[in-house]
Amino acid sequence: MSDADAMRTVAKELDLDWVNLDEYPVDTGAAGMLPEEIAQRCGAVPVGRKFGIPVLAVSNPADSSSMEEMKSALGRDFVAVVADESQVAEYRQRLYAALAAGIVAREAEEQRELAERREEERASSAVASGAGFAYDGSAGAGDGLEGASAEMDDVMAGWPPLARVLVAAGRVERAEMSAAVQEAAHGGDVLAHVLRTKGLVTEEDLVWAMAEEVGLEFVDLDTYPIDYSVGMLIPETTARHHLVLPIGKEHGSPVVAMANPADVFAMDDLRTVLGRNFVPVVAVKSQIVTEIDAVFRRGHDAEEIARSAAATASGDVIALGEEEGEETSLDLASLDAVVEDAPIVRYVNLVILQALNERASDIHVEPTEKNLRIRFRIDGVLHDMSTAPRSIAGAVATRLKVMGDMDVSEHRLPQEGRTSLTIGNRQIDFRMATMPTVHGEKVVLRLLDKSSGLIRLGDLGLHSEMIERYASQYSLPYGTILVVGPTGCGKTTTLYSTLALLNSSDRNLITIEDPVEYQVTGVNQLQLNRKAGLTFAGALRSLLRSDPDVVLIGEIRDVETANVAVEAALTGHLVLSTLHTKEAAGTPLRLVEMGVEPYLVTSAVNCILAQRLARRLCTHCKEPYDPTEAEMVAAGWTEADLASLHQLPQMYRAVGCQTCSSTGYRGRMALGEMMVVTDEVSLLIVERASTKTVRETAIEQGMVTLRQDGLRHALEGDTTIEEILRVVA
Ligand SMILES: [Zn+2]
């Protein structure tokens with residue numbers, strides 16, 4: 001792996017953009033932000049501003065002392081983009097040379113202007129003294145105007161910045177502002193207040209001007225494409241206390257709307273809560289409050305609406321639903337839109353909105369003997385969310401069936417349906433299934449967020465040591481990488497993150513899937529069509545003729561696919577695929593059992609990564625405790641492990657707060673077990689040794705098992721022992 005490739009990987013792991021400065025919109029004036037000496041020492045070059053925040057191209061983002069030094073030199077946070085070292089050096093030389101030349105040129109220009117002005121002054125005083133009539137007020141109208149404007153500029157120079165900014169932007173007339181400034185000065189009132197009482201400005205004008213003054217971007221939240229999923233990066237109390245709300249992401253950093261960007265306490269708090277730098281933008285207070293309400297609206301709202309829905313006759317739901325059957329865009333984010341609808345529709349909309357806010361992947365709507373039970377699956381685990389009166393169960397099921405384009409008159413057979421909604425700027429696909437139960441129809445909705453995009457390999461939560469070992473495997477030009485585990489363990493996500501890292505213009509990438517789960521630009525993706533006779537093996541065989549470098553096969557399910565994959569790996573292609581096996585060591589044997597020759601398995605497979613997803617502790621509410629030795633042993637540490645520790649480590653337990661929907665966990669991370677097919681392992685496979693023997697040899701050669709990897713994460717405070725024991729049986 002070349003240095004550039006290595007740095008590219010580091011950039012991806014740090015969630016920073018890798019840029020080609022030749023194609024980047026470099027602002028040649030940006031160099032003035034940072035002294036050249038510091039830029040040189042830190043291997044960086046300023047290249048522009050984003051929302052008023054300096055953007056620096058750095059060659060080594062992992063060098064934290066340099067990053068700190070630049071931050072203190074700039075006196076503020078900056079956005080880092082990563083570029084090739086030689087390019088950074090080239091641009092640094094060019095920009096600072098241009099800056100120096102610019103300063104010299106500007107000085108020369110100033111000298112020239114000064115000389116000209118002196119010349120003019122001399123000439124005009126000659127005219128004035130010579131002719132004596134230039135200042136009588138009737139002659140020289142042009143001069144008079146210029147004089148007035150110069151006078152006005154002097155007047156404006158004495159104004160507060162807010163006044164200057166508003167006048168310069170043409171939002172307030174000069175004369176009106178002049179009067180307002182005087183009134184404020186005389187009455188000892190705040191200028192902003194005077195402007196508001198006189199009706200000269202709107203709240204928006206004022207906030208815009210404030211943003212302008214401090215060099216931040218002003219956003220109108222009514223039109224800004226808010227990403228509601230990032231809103232809950234901060235607790236509701238912080239959002240309400242400081243009137244701030246994360247509204248999106250930019251270069252991997254949260255974009256936070258603030259009502260008062262001059263509030264340094266809010267800035268500090270946010271940095272602590274977010275645990276990282278962020279991009280502040282300014283928005284009107286009332287809009288921020290509305291959006292905070294939208295993001296943190298809680299389940300009791302839904303329960304209230306459910307009660308009012310139960311109180312109203314719901315016989316008209318079917319007709320109402322049919323009218324709306326065609327709609328594909330529901331503005332759930334707007335409370336107004338919800339209020340206008342019939343109670344049952346409002347109720348269903350709120351449940352869906354709440355599910356999105358709580359990061360749920362599935363919604364279970366289940367009639368029970370006593371009530372209608374709503375459960376959400378969050379981070380892979382089902383949670384009870386709310387209940388509604390039993391009497392609306394039928395109407396809710398009907399409404400959902402209408403949305404999913406199902407037969408509303410059929411109650412006795414299971415049905416499947418789907419719909420797609422645009423919520424905020426997110427496009428969410430819903431797959432629905434109904435099931436007749438003794439208490440009525442149960443409906444399950446699966447939420448698929450199309451806009452969530454690819455997760456970077458570094459963000460999967462795999463241990464850094466594991467990522468390093470994995471990188472040495474996927475950078476090989478050919479062979480096979482298998483990611484294995486049960487359904488829903490994140491295999492496909494890992495493969496796609498790997499594919500994204502390999503996605504460069506000099507490689508031809510192909511995927512064969514059923515169904516295509518993520519769409520990736522720059523990759524040729526083939527959707528299988530079994531009904532038309534297009535199978536994995538058949539598709540793969542023909543695709544290999546189109547000269548791919550990397551082939552991603554959704555899943556190896558049969559011997560035919562396995563054999564073509566092996567053939568591809570042995571003929572100079574890198575094959576990425578998944579297999580449904582429990583552990584890394586057992587996977588080669590599974591391929592042999594499927595009917596692949598053992599010697600082909602060992603020569604074609606580079607490595608096997610077994611994976612599980614464990615819930616990550618919520619950083620807002622996790623609680624430290626001191627585990628007992630017995631607990632540690634029960635979790636899988638050996639007496640010897642414990643003896644080698646001077647003292648028992650601190651662990652964390654799940655508590656639950658508003659940020660994590662009271663689950664104590666927020667988000668998930670991948671646990672991994674990576675077995676490299678070494679010579680020793682190969683020999684065992686050819687000899688058809690047992691999984692146990694293969695596992696023992698792999699461990700001797702440094703394989704960290706899933707359980708050990710999980711415990712390692714628990715020790716680092718990322719998760720709990722209970723969670724590890726839950727996912728790694
Ligand atoms: Zn929490």
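# Exercises on backbone, burial, zinc site and pocket

Asp379 is placed in the loop between β9 (371–378) and β10 (381–389). The model to which this residue belongs is a predicted one.

**Exercise 1.** Determine whether Asp379 is buried or exposed, and state what sign its phi has.

*Solution.* Step 1: the relative accessible area of Asp379 is 11%. Step 2: buried means under 20% relative accessible area, so Asp379 is buried, at 11%. Step 3: the phi of Asp379 is positive, about 50°, although this residue is not a glycine. Step 4: as a general background, most residues other than glycine have a negative phi.

**Exercise 2.** State where Arg688 is placed, and decide whether Arg688 counts as buried or exposed.

*Solution.* Step 1: Arg688 belongs to the loop between α27 (679–686) and α28 (691–700). Step 2: its relative accessibility is 54%. Step 3: exposed means over 50%, so Arg688 counts as exposed, at 54%. Step 4: the backbone of Arg688 has a positive phi of about 55°, although the residue is not a glycine.

**Exercise 3.** Name the residues that coordinate the zinc ion, and explain why the arrangement of its donor atoms is tetrahedral.

*Solution.* Step 1: the ligands of the zinc ion are Cys618, Cys621, Cys657 and Cys660, each through its SG atom, at 2.3 to 2.4 Å. Step 2: four donors count as tetrahedral if all angles lie between 85 and 135 degrees. Step 3: the four donor atoms subtend angles of 107 to 111° around the zinc ion, and the arrangement is therefore tetrahedral. Step 4: along the chain, the spacing of these donors is C-x2-C-x35-C-x2-C. Step 5: of the ligands, Cys618 and Cys621 can be added to the picture as buried residues.

**Exercise 4.** Identify the buried residues of helix α23 (residues 587–594), and explain on which side of α23 they lie relative to one another.

*Solution.* Step 1: in α23, the buried residues are Thr587, Pro588, Leu591, Val592 and Met594. Step 2: around the axis these residues cover an arc of only 160°, so they lie on the same side of α23. Step 3: the helix is followed by Gly595, which has a positive phi near 120°.

**Exercise 5.** List the buried residues of helix α6 (residues 161–168), then follow the chain to helix α7 (residues 174–187) and find how far the C-alpha atom of Arg174 is from that of Ala163.

*Solution.* Step 1: Leu162, Ala163, Val165, Leu166 and Val167 are the buried residues of α6. Step 2: just after α6, Gly170 has a positive phi of about 75°. Step 3: Arg174 is part of helix α7 and counts as partly exposed, with 34% relative accessibility. Step 4: Arg174 and Ala163 are 11 residues apart along the chain, and 9.1 Å separates their C-alpha atoms.

**Exercise 6.** For Ala44, Ala97 and Ala266, establish which element each residue occupies and whether each is buried or partly exposed.

*Solution.* Step 1: Ala44 is in strand β2 (residues 44–50); with a relative accessible area of 0%, Ala44 is buried. Its C-alpha atom is 6.2 Å from that of Val88, a residue 44 positions away along the chain. Step 2: Ala97 is in helix α4 (residues 85–131); with a relative accessible area of 47%, Ala97 is partly exposed. Ala97 and Ala31 are separated by 66 residues in sequence and by 9.5 Å in space, C-alpha to C-alpha. Step 3: Ala266 is in helix α12 (residues 264–274); with a relative accessible area of 0%, Ala266 is buried. The C-alpha atoms of Ala266 and His241 lie 8.7 Å apart, whereas the two residues are 25 apart in sequence.

**Exercise 7.** Describe the second largest pocket: find its volume, the residues that lie nearest its centre, and the class make-up of its lining.

*Solution.* Step 1: the second largest pocket has a volume of about 600 Å³. Step 2: its lining comprises 23 residues, and those nearest its centre are Leu14, Leu16, Met67, Arg276 and Asn277. Step 3: two or more lining residues are given by each of α3 (64–74) and β4 (79–82). Step 4: the largest share of the lining, four residues, is that of α3. Step 5: sorted by class, the lining holds 12 nonpolar, six polar and five charged residues.

Definitions and conventions. Residues are numbered from 1 along each chain as its sequence is written. This is a predicted model: local features need pLDDT of at least 70, side-chain atom pairs count only at pLDDT 80 or more; totals for chains, interfaces and linings use all residues. Side-chain values use heavy atoms; hydrogens and water are left out. Donors are N, O and S atoms within 2.8 Å of the metal (3.2 Å for Na, K and Ca); water is not among the atoms, so sites may look incomplete. Four donors count as tetrahedral if all angles lie between 85 and 135 degrees; four count as square planar and six as octahedral if opposite donors are over 155 degrees apart and all others between 65 and 115; anything else is irregular. Buried means under 20% relative accessible area, exposed over 50%, partly exposed in between (1.4 Å probe, protein chains only). On a 1 Å grid over the protein atoms alone, a cavity is a set of points where a 1.4 Å probe fits but cannot get out, and a pocket is an open set with protein on both sides within 12 Å along at least five of seven lines; lining residues have an atom within 4 Å of a point. Grid points are joined across faces, edges and corners, and a volume is the space filled by probe spheres set on the points. Ala, Val, Leu, Ile, Met, Phe, Trp, Tyr, Cys and Pro count as nonpolar, Asp, Glu, Lys and Arg as charged, and the others, Gly among them, as polar. The arc is that of the directions from the helix axis to the C-beta atoms.
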